[in-house]
Amino acid sequence: MRLARRLFAGFALVITVLAILVVAISGQRLARELTARETDQLTREAQLLATEWAQQPNADAEALAHTAGGALGHRVTLIASDGRVIGDSEFADDALPHLENHATRPEVAAARAAGTGVATRASPSRGDTELYVAVRSALGVARVSVSTAQLGDIVSSARNDVLLSALIALAAALALTFAFSRAVTQPIVELRDVARSLAAGDLARRPSLSATGEVGDLGTAMHRMAEQLAARLRELQAEQDLLAAAIESLHEGLLAVDAHRNVMRLNDSARRLLRADRPVPFSADLLPRDALLREALAAALAGQPSGPSETVIQERTLSITARPLGDGGAVLALLDLTATRRLEAVRRDFVANVSHELKTPLTVIGGFAETLVTDDLPAAQRTQFVEAIRVNAERMRRIVDDLLDLSRIESGGWRPNPSAVDVAAMADDIFSAARRARADNAVTLETAVDPRAPTVYADPTALRQVLTNLIDNAVRYTPAGGTVSVFTALGSGDAGAWVGVRDSGIGIAPEHLSRIFERFYRVDPGRSRDAGGTGLGLAIVRHLVEAHAGRVEADSAPGRGTTVRAFFPAGPAMPSEAEMHDSRPYAVTGP
Ligand code: ADP
C-alpha cells in the first residue's frame with residue numbers, strides 16, 4: 001500500500017495548500033472589498049451631511065453632528081473652514097474647544113483641496129485606528145468615520161466561515177482522495193503480487209483483468225506473458241523429460257561433472273558400471289580409483305577431450321570418452337566392452353583349441369601315411385597303420401561333426417520342436433547302443449523314472465542327443481562294477497521336469513565342476529582323448545537344453561560319482577498344429 005499512501009499524501013498536500021491559499025486570498029480580498037464599500041458608504045454619508053449642513057447655515061453644528069451621528073451610527077465631525085471642530089457626535093459641547101485644530105488632518109486637507117479626502121490612521125482624539133472620509137461643504141468640511149476594529153471583526157468572522165468551509169471541504173476531499181488512491185493502486189498492487197509470484201516460479205497465478213486503461217493493458221500483457229512462460233516451461237520440461245528418459249535408456253554409461261568436480265548427473269548404466277549408488281550431487285573423488293578414469297576426467301575439466309581409451313574397472317572392461325562442457329564441467333561416456341572382449345577371448349581360445357584338437361590326429365595320419373608309402377612293410381603292420389589312420393580320421397570327423405552341431409544350435413538356425421517324450425523308452429534305446437560300445441558290460445545301466453514325471457517336454461532328437469552324451473560320459477568315467485542311472489524328477493517351483501544321468505564313477509573335483517560345460521574343457525585331456533571324447537559333448541548338451549529355455553546343472557564328489565541333469569520347462573497341454581510344423585527338425589550325428 002505504499003503507492004496508495006504516497007498518492008494520498010501528494011493529493012492531501014495539494015488540497016491543503018489549495019485550501020490555505022483560498023482562505024488567505026479570499027480573506028484579503030474580502031478585507032479590501034469591505035474597506036472599499038465602507039469608504040463608498042462613508043463618502044455618500046459625508047456628502048449627504050455636507051449638503052444638509054450647507055442648507056442650514058444657521059443651524060447648530062453641534063446639534064447637527066449629534067443628530068446625524070445618531071442616525072448614521074457613525075462618528076460625525078463638522079469642521080469649520082479654519083480647521084476648528086465645531087461639532088462632533090462623539091464629544092460633548094464643552095470638550096470641543098479642547099480638540100486640536102483639524103486643518104492639517106490628511107483627509108481634511110485633501111477634502112479642502114479636492115472635495116473628498118480619505119484616510120485610515122490612528123485617531124489622536126479617540127485613540128484607535130479609524131477610516132475617515134471628509135467632504136468639502138460651503139461651511140467647512142463634513143467628516144464621517146468608523147473604527148477599523150469593526151471592519152476587522154467582519155473580516156475575521158467572514159474568514160472564519162471560509163476557514164470552516166475549507167476544513168470541511170478538505171476533509172471531504174481527503175476522504176475522496178483516500179478512496180481514489182486505493183482504487184487506482186489496488187490493481188497495480190495486484191499486478192505487483194502476481195509478478196512476484198511469477199518470478200518466484202508460481203506460474204499458475206494470473207492477474208484478474210478487471211482494471212481498465214493502461215493498468216488493464218498491463219494486466220493483459222502480464223496475463224499473456226504468464227501464459228507464454230508456462231507454455232515455454234512445459235515445452236522445456238517435456239524436452240528435458242525426453243532427454244532424461246533417452247539418457248536413462250542408453251546402454252552406455254553417461255555422467256556429467258561440474259567445474260567443482262561434483263558428479264551432477266549419471267544414468268543407470270553409469271551407476272551399474274561404476275557401482276555408484278549414492279545420490280547426486282557427490283564428489284568425483286568418490287568414483288572408483290582408476291588412473292585412466294581420473295586422467296580423462298582431469299583432462300576434460302581442463303578443457304581437453306580424450307578417449308576412447310580402455311580400462312578395467314570393477315572387473316569390467318570399459319571404454320572411456322571424456323568431453324569438456326562449455327561451463328567448465330565435463331561429460332564422460334562409458335561403454336561396457338566386457339562381453340565383447342570376453343567373446344573375443346573365447347573366439348581366440350576356440351580357434352586355438354580347434355587347431356590343437358585337429359593337429360594331433362592330422363599329425364598321426366600324416367606320419368602313418370608317409371610310412372605306408374614305403375613298400376617293404378609287413379602286411380600286419382600295414383593293416384595296423386591303416387587302422388590307426390582310420391581311428392584318427394574318425395576322431396577328426398567326430399570333432400568336426402560336434403563343431404557343426406554346436407554352430408548350428410548357436411547360430412539360431414535350429415529351433416527345437418518339442419513334444420512329450422517317454423524318457424524310460426528312450427533311455428533303454430540308448431543303453432543298448434552303449435552296451436554295444438562298452439563290451440565288458442561291467443557297468444550296470446538302469447532307469448529311475450519318477451512316476452509323476454514319466455515324460456519331458458523336449459525335442460525328441462535333441463533329447464536323444466542329450467541323453468546319449470550324458471550316458472556316454474557316465475559310462476566312460478565309471479569303472480567296472482559301477483552303476484549309471486537315468487532319472488527324472490518334477491521341477492520344484494518351476495513348471496517342468498528334470499532329466500539326468502547319475503553315475504558312481506570317478507567324479508569331478510570342485511575346481512573343474514563349474515567349467516565342464518565349456519567347449520573343449522576337459523578335466524583330464526589325455527584320458528578324454530583316449531576314450532574318444534571331443535571335449536564338446538557337455539557344451540552341446542548345454543546349448544540344446546538352453547534352446548528349450550531350460551538349464552543344466554552338475555553335482556559331483558570325486559571318487560563317489562557325478563550327476564548331470566537338465567531342466568525342461570513344461571509344454572502346453574496340446575501343442576498346436578502350427579508349432580508342430582513350424583520348426584525345422586534337428587539332424588543329429590550318430591554317436
Ligand atoms: P568329453 O568329450 O571329453 O567327455 P565333455 O564335454 O562331454 O567332453 O565333458 C567335459 C569333461 O568333463 C570331460 O573331459 C570329463 O573330464 C568331465 N566329465 C564329464 N562327464 C563326467 C562324468 N560323468 N564323470 C566324470 N567326469 C566327467
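Q: What does alanine 549 do just after helix 14?
A: In this predicted model, alanine 549 takes a positive phi of about 65° just after helix 14.

Q: And helix 14 itself, how many of its residues are buried?
A: Eight of its 11 residues are buried, so helix 14 is largely enclosed by the rest of the structure.

Q: Which ones are they?
A: The buried residues of helix 14 are Gly537, Leu538, Ala539, Ile540, Val541, His543, Leu544 and Val545.

Q: What covers them?
A: The cover includes two helices, helix 9 (379-410) and helix 11, along with strand 17 (551-557) and strand 18 (561-569).

Q: Going back along the chain a little, where is threonine 534?
A: Threonine 534 sits in the loop that runs between helix 13 (525-530) and helix 14 (537-547).

Q: Buried or exposed?
A: Threonine 534 is buried: its relative accessible area is 6%, and the cut-off for buried is under 20%.

Q: What does its side chain reach?
A: There is a polar contact of 2.8 Å with the side chain of aspartate 402. The side chain of threonine 534 also comes to 3.2 Å from the backbone nitrogen of leucine 536.

Q: Which residues is threonine 534 in contact with, leaving aside neighbours within four places in sequence?
A: Those are Arg398, Ile399, Asp402, Phe520 and Arg522. Asp402 is thus on the contact list and is also the side-chain partner at 2.8 Å.

Q: Now the ligand. How many residues surround it, and which are the closest?
A: The ligand is surrounded by 19 residues, and the closest are Asn473, Asp503, Ser528, Gly535 and Leu538. Leu538 is also one of the buried residues of helix 14.

Q: What are the residue types in that shell?
A: Eight are nonpolar, eight are polar and three are charged.

Q: Which polar atoms lie by the ligand's oxygen and nitrogen atoms?
A: Three cases can be given. A backbone N or O atom of threonine 534 lies 2.9 Å from a ligand oxygen atom. For tyrosine 477, a polar side-chain atom lies 3.4 Å from an oxygen atom of the ligand. For threonine 562, a polar side-chain atom lies 3.4 Å from a nitrogen atom of the ligand.

Q: How much of the ligand does the protein bury?
A: The protein buries 97% of the 520 Å² that the ligand exposes when taken alone.

Q: Which elements give two or more residues to the shell?
A: Helix 11 (460-476) and helix 14 do. The largest share, three residues, comes from helix 11.

Q: Change of scale. What are the domains?
A: The domain assignment gives domain 1 (2-154), domain 2 (208-245), domain 3 (250-335), domain 4 (341-410) and domain 5 (419-590).

Q: What separates the centres of domain 1 and domain 5?
A: Taken over C-alpha atoms, the centres of domain 1 and domain 5 are 149 Å apart.

Q: Where is alanine 221, and how exposed is it?
A: Alanine 221 is in helix 5 (residues 213-249). Its relative accessible area of 37% makes alanine 221 partly exposed. From its C-alpha atom to that of arginine 502, 281 residues apart along the chain, the separation is 86 Å.

Q: Last one, threonine 77. Where does it lie, and what does its side chain contact?
A: Threonine 77 lies in strand 1 (residues 75-80) and counts as buried at 0% relative accessibility. Its side chain makes a polar contact of 3.1 Å with the side chain of aspartate 88. Residues that threonine 77 touches, not counting those up to four places away in sequence, are Val85, Gly87, Asp88, Val141, Ala142 and Arg143.

Key
Residues are numbered from 1 along each chain as its sequence is written. This is a predicted model: local features need pLDDT of at least 70, side-chain atom pairs count only at pLDDT 80 or more; totals for chains, interfaces and linings use all residues. Side-chain values use heavy atoms; hydrogens and water are left out. Helices (H or I, at least four residues) and strands (E, at least two) are DSSP runs, numbered from the N terminus. Buried means under 20% relative accessible area, exposed over 50%, partly exposed in between (1.4 Å probe, protein chains only). A polar contact is a pair of N or O atoms within 3.5 Å; within protein, one must be able to donate a hydrogen and the other to accept it, and residues adjacent in sequence count only if both atoms are side-chain atoms. Contact means heavy atoms within 4.5 Å. A residue is near a molecule or strand if one of its heavy atoms lies within 4 Å of it. Accessible areas come from the Shrake-Rupley method with a 1.4 Å probe; for residues, only the protein chains shown count as cover. Ala, Val, Leu, Ile, Met, Phe, Trp, Tyr, Cys and Pro count as nonpolar, Asp, Glu, Lys and Arg as charged, and the others, Gly among them, as polar. Domain bounds come from an automatic or database domain assignment.
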